[in-house]
Amino acid sequence: MQFQWYPGHMTKAKRQMQEDIKLIDLVIELLDARIPLSSRNPDIDELGKNKARLILMNKSDLSDEKQNRAWTQYFEKKGYFVICLDARSKAGMKNVTDVVMKACREKIERDRRRGILNRPVRAMVVGIPNVGKSTFINSYAGRACAKTGNKPGVTKGKQWIRLNKNVELLDTPGILWPKFEDQTVGLRLALIGAIKDEILNVDELSLELIKILTADYPGVLTERYGVDEQCKPAELLAQIAENRKCISRGNELDYAKAAALLLDEFRAGKLGRLSLERPNEETP
Ligand code: G4P
């Protein structure tokens, strides 16, 4: 399957991020917990070198808990601080502050040794489109936090949100682009709904999802749609169409409707908490 991408202002966005990163101590990187590698742009490692690093595995309410734990270990081993999160919920935000402080302890100590006291840690949120950056900033910063406005010595126009006496957050997130030249990455992004369906072949996409689910989560499709998982993916889609009464005007099975239904239900978590990537595969 070919994916069309319109990179447009990518270079500009990257340059902007290079500038913004100079101002901060900590990079808060959001990934989609269902596809932690495909939703990540490895450029961030180069851009964020010498900075403290925190990975938020967002939408972890939709991903497999076992894989969440495996991925947490995977990234922790690489030296990142990691939190599994549902950015829509305010409940986990206190923990985020605790971990932010932990991640920046070294910097705070370094400041203290140099006689710099009470300089807040500055952080920036980064991630690919649709990963939940705005949702996170809203939940984390909330309404209670006043914007600090421009500061002398800081690039004009930058807004900082004061989270507490120790932490300030840049109010505009950095946008990273996925590795769209990789077809597997494109497929997985499409499956979680990070690429608009209008530019995709929904039937083909649903067949790919069926292949992945029957291999990695046997029984899930049978339980929801009463299908026979021994059948080929196209036959399975036909069974879903039949069982869910996806019928076109000519009284024929409507595959496109069944495909859209399957994708919608998967993305909404109706098939259960499922992950499309496992750390032991280490792909892509
Ligand atoms: P962005 O700034 O990175 O582009 O992403 P944004 O916050 O706009 O979030 C994209 C979508 O993901 C939103 O849904 C948002 O509600 C949803 N979302 C964000 N974090 C989480 C999470 O942890 N779990 C789940 N399940 N969803 C999350 P939307 O469909 O665009 O809007 P809406 O239907 O929520 O109104």
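Of the 16 residues around the ligand, which come nearest? Let's take a walk through this predicted model and find out.

## Around the ligand

Asp61, Asn130, Lys133, Ser134 and Thr135 are the residues that come nearest, out of 16 around the ligand. If you sort that shell by class, you will find six nonpolar, five polar and five charged residues. Helix H6, which covers residues 133-141, gives the largest share of the shell, with three residues.

## Polar contacts with the ligand

Here are some atom pairs worth bringing up in your viewer. Start with Ser134, where an N or O atom in the side chain is 2.6 Å from an oxygen atom of the ligand. Next, turn to Asp61: a polar side-chain atom of this residue lies 2.8 Å from a nitrogen atom of the ligand. Val131 takes part through its backbone, with an N or O atom lying 3.3 Å from an oxygen atom of the ligand. As for coverage, the ligand taken alone exposes 710 Å², and the protein buries 60% of that.

## Two residues with positive phi

Asn130, already met as one of the residues that come nearest to the ligand, has another feature to look at. Its phi is near 75°, a positive value in a residue other than glycine. You can find Asn130 in the loop between strand E4 (121-127) and H6, the helix that supplies the largest share of the ligand's shell.

Lys245 is also not a glycine, yet its phi is positive, at about 55°. This lysine sits in the loop that runs between helix H10 (233-243) and H11.

## How H8 and H11 pack

Two packed helices are described by the angle between their axes and the distance between the axes. For helix H8 (residues 202-216) and helix H11 (residues 255-267), the angle is about 50° and the axes are 9 Å apart. Because of that angle, H8 is oblique to H11. Their crossing is left-handed.

Terms used
Residues numbered from 1 in each chain as written. Predicted model: local features only at pLDDT ≥ 70, side-chain atom pairs only at ≥ 80, totals over all residues. Heavy atoms only, no water. Near = heavy atom within 4 Å. Polar contact = N/O pair within 3.5 Å; in protein donor to acceptor, adjacent residues only side chain to side chain. Areas by Shrake-Rupley, 256 points an atom, 1.4 Å probe, with all protein chains shown as cover. Helix = DSSP H or I, 4+ residues; strand = E, 2+ residues; numbered from the N terminus. Nonpolar A, V, L, I, M, F, W, Y, C, P; charged D, E, K, R; others polar. Axes fitted to C-alpha atoms, helices over the stretch in contact; angles between N-to-C directions. Parallel < 35°, antiparallel > 145°, perpendicular 65-115°, else oblique. Left-handed = near helix turned anticlockwise from the far one by under 90°.
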